[in-house]
Amino acid sequence: MSETRSAEPRPSDLLWERAQRRLPGGVTAAARIHAALGRPFLAERAEGGRVWDVDGREYIDLNMSFGASLLGHGHPAVKAAVARASELGFMCGYETEYQTRLAERLAEVIPSAELVRFAGSGTETTWHALRTARVATGRSKVVKFEGHFHGFNDSLGYSFWPSAEQAGPADAPRTVPESGGMPTAMADLTIVLPWNDAAALEAVFAAHGHEIAAVVMEPVNHDSGTILPLPGYLEAARELTRRHGAVLIFDEVLSGFRTQVGGAQAQYDVTPDMTTLGKTLGGGTALSAFVGSLDVMSAVAPLGRAVHSGTYNAHLIPIMAGLAFLDEATDPTFYPGLRALEATFYPELRAIFGRLDVPVLIQSNGARFSLLFGIDRAPVRYRDILAHDTPTATRFYGLALEEGVYFHASWHHGFSAMHTRRDLDDALERIERAARRLVASAQPASARA
């Protein structure tokens, strides 16, 4: 009897084994574990709107670096900017003309950006923005909203995605830490509210207005299913914070630059005191910023006592890439080009799920969108998406990978300026095959026979 030889391990299997020996959990960021795979998607290279895994398979990318690559992978303007930074010697830890130039450009396009500080991640920017607000006001408490993600820092790392059992009453959510190691005393300084509820915000100011340093929110809640603000809500938050002397902070790490260069604050015509930016700003490189009014940002050292410093702040590579991004984003054809893709892709995506009777609500804001399985009405706040059918969504994302479309198993997806109509047409064909397989897998065996 001949021996059966086992299949040769794939490059991805070998890399995964190596990664687990030297990286905690085999990854460099916890969120990169793909729920459908049980491990990360292991990429080899990317170009435009496509990505290749280490096994050599090509995928249409509808993750796009978790929203950081709005221009597309390897955009020529960004590559040229990085090459220019190399020619200049990278110059880490120096002030140059280029940081000032990028700050000037941001002040031209972001309504709240009178003064600008650069950093490397969204987590840093929200933490420093809140520190700045505390110095500017002399107060300590912060209001944040259930379902709003602001990075894993100890001041704001609460109630991103609590379960129904953890969350507490809908009108008085519990402050649920999202990581171990957070001092319990920090929770005493954090008030969690339901979003899109102006009365709840007014009530908390009536009770604690003299203690509240800042109100922090995603003006479009991409991180819990692309929930849009109700008419008048952002205006109410602006009026209440101004009346009570608190700092209004818009976390636009995700919503920034999505529909127009001025971000959600320009889209909804509500100007906060401070804004955090990231993701798209660096054109795919590691760049973030916190910006704000002259009055509030004067609290930042060396003007004030809110210390923000670091060797790698405003490194020349991402600064040059950020200038290249803004050159592209301010081109008169940039957003019309994205809107043309949105105008065909979203209706056709809805039609696929409709034809197959798969209950999926598609929420979109610019070229970023969410697939809410098992939800039939537009959500208004976090509790509305607790009915999301996560097991079905995870199965779909796994099938989509098998068909050659990369969705991460997360709350938001997207495409880029380098995606072509053919890319998205190919994606739609593959998505339909995945959706048909999803439907077939849910049927009894006798119905499939």
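At what angle do the axes of helix α7 and helix α8 cross? In this predicted model, the crossing is at roughly 10°. The legends below cover four close-up views.

**View A. Helix α7 against helix α8.** Helix α7 covers residues 198-208 and helix α8 residues 233-244, and their axes come within 10 Å. With a crossing of roughly 10°, and angles under 35 degrees counting as roughly parallel, α7 is therefore roughly parallel to α8. On the α7 side, the contact is made by Ala 198, Leu 201, Glu 202 and Phe 205. The α8 side contributes Tyr 233, Ala 236, Ala 237, Leu 240, Thr 241, Arg 243 and His 244. Sorted by class, 7 residues in this contact are nonpolar, 2 are polar and 2 are charged. An α-helix has 3.6 residues a turn, so residues three or four places apart point the same way.

**View B. The open sheet and helix α4.** The sheet has 7 strands in the order β6-β12-β11-β10-β9-β7-β8, with mixed pairing. β6 (115-119) and β8 (190-193) are the edge strands; each has a single partner strand, so one side of each lacks a neighbour in the sheet. On average, and with direction ignored, neighbouring strands are turned by 20° against each other. Within the sheet, β7 (residues 141-145) and β9 (residues 212-217) pair in the parallel sense over 3 bridges. Val 142 has Ala 214 of β9 as its bridge partner. Helix α4 (residues 122-137) packs on the sheet and touches β6, β7, β9, β10 (247-251), β11 (274-277) and β12 (288-292). The direction of α4 makes about 25° with that of β12.

**View C. Helix α13 and the residue that follows.** Helix α13 runs over residues 390-403; at 1.5 Å a residue its 14 residues should span 20 Å, and the end C-alpha atoms are 20 Å apart, in agreement. The helix is mostly covered, with 10 of its 14 residues buried. Among the buried residues are Thr 392, Phe 396, Tyr 397, Leu 399, Leu 401 and Glu 403. Gly 404, just after α13, takes a positive phi of about 95°.

**View D. The surroundings of His 412.** His 412 sits in the loop between β15 (405-406) and β16 (413-414). The relative accessible area of His 412 is 6%; buried means under 20%, so this loop residue counts as buried. Leaving aside residues up to four places away in sequence, His 412 touches Phe 66, His 222, Asp 223, Leu 254, Arg 368, Phe 369 and Ser 370. Ser 224 is 188 residues from His 412 in sequence, while their C-alpha atoms are 8.0 Å apart in space.

Key. Residues are numbered from 1 along each chain as its sequence is written. This is a predicted model: local features need pLDDT of at least 70, side-chain atom pairs count only at pLDDT 80 or more; totals for chains, interfaces and linings use all residues. Side-chain values use heavy atoms; hydrogens and water are left out. Axes are lines fitted to C-alpha atoms, for helices over the stretch in contact, and angles run from 0 to 180 degrees between N-to-C directions. Helices (H or I, at least four residues) and strands (E, at least two) are DSSP runs, numbered from the N terminus. Angles under 35 degrees count as roughly parallel, over 145 as roughly antiparallel, 65 to 115 as roughly perpendicular and the rest as oblique. Contact means heavy atoms within 4.5 Å. Ala, Val, Leu, Ile, Met, Phe, Trp, Tyr, Cys and Pro count as nonpolar, Asp, Glu, Lys and Arg as charged, and the others, Gly among them, as polar. The expected span of a helix is 1.5 Å times one less than its number of residues. Buried means under 20% relative accessible area, exposed over 50%, partly exposed in between (1.4 Å probe, protein chains only). Two strands pair if DSSP finds at least two bridges between them.
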